[in-house]
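Here's a round of questions about charged side chains and how we decide what to call them. Have a look at the picture, then follow the reasoning.

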Amino acid sequence: MNLPESPDYLNSLQGGWEALGNGAPTLVALAQLCARAMVEGTRDKTPLSVEAKAILYAARNRGVIEVRGVNTAFEATARLLAVYIEEDEHRTIAFRNREQPQVTVRFFEAFCQLCRHGLVLHHLYRDFSLTDRGFVIAAKIEREEVAEALGEGTEFGLHD
């Protein structure tokens, strides 16, 4: 296959790799899930997983959720995209586990479920929030119902 020699091609390729490295295709997919639920309503009638409920519970006060990866981490499992929630002005919980990447993936899939259910709204880049309905449902979740799942997250100060 012969590639065009245009500098435009090289610039777009570089931008594409940078976007891939920042998780852009996945973030776009998440934004589309949120938009589809907002425009068409939710068609997903499956019950929320315990991980999805744990995300809602953790986000119940501020509603601020980020999907981020740590592209400078040495270990590949630490670079996976994961769900981060601002519990309050000073504390964040990350649903990521570099020793057990399945935990990171399980919570990421739970976040996708929340998007499909119309409980999450995409704002900018990696920034999401609960929808009004998300806040209402989150307020009804009892800590005991999600305590084990919350225990799989890592809490840290906002600026740690």
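Q: Why is Arg106 called partly exposed?
A: In this predicted model, Arg106 has a relative accessibility of 27%. Buried would need under 20% and exposed over 50%, so Arg106 counts as partly exposed.

Q: What makes Arg106 and Glu51 a salt bridge?
A: Their closest N and O atoms are 2.6 Å apart. The cut-off is within 4 Å, so the pair makes the cut. It's a link between distant parts of the chain, too: Arg106 sits in helix 4 and Glu51 in helix 3, 55 residues apart.

Q: Why does Glu51 count as buried?
A: Its relative accessibility is 13%, and buried means under 20%, so the label fits Glu51.

Q: How do you know that Arg106 also forms a salt bridge with Glu152?
A: Same kind of check: the closest N and O atoms of Arg106 and Glu152 are 2.6 Å apart, and the limit is within 4 Å, so this pair qualifies. Glu152 lies in the loop between helix 6 and strand 6, 46 residues from Arg106.

Q: What makes Asp44 and Arg116 a tie between separate parts of the chain?
A: They form a salt bridge, with the closest N and O atoms 3.1 Å apart. Asp44 is in the loop between helix 2 and helix 3 and Arg116 is in helix 4, so the bridge ties together parts 72 residues apart in sequence.

Q: Is Asp44 buried or exposed?
A: At 16% relative accessibility, Asp44 falls under the 20% cut-off, so buried it is.

Key:
Residues numbered from 1 in each chain as written. Predicted model: local features only at pLDDT ≥ 70, side-chain atom pairs only at ≥ 80, totals over all residues. Heavy atoms only, no water. Salt bridge = Lys/Arg side-chain N within 4 Å of Asp/Glu carboxyl O. Helix = DSSP H or I, 4+ residues; strand = E, 2+ residues; numbered from the N terminus. Buried < 20%, exposed > 50% of the residue type's maximum accessible area, 1.4 Å probe, protein only.
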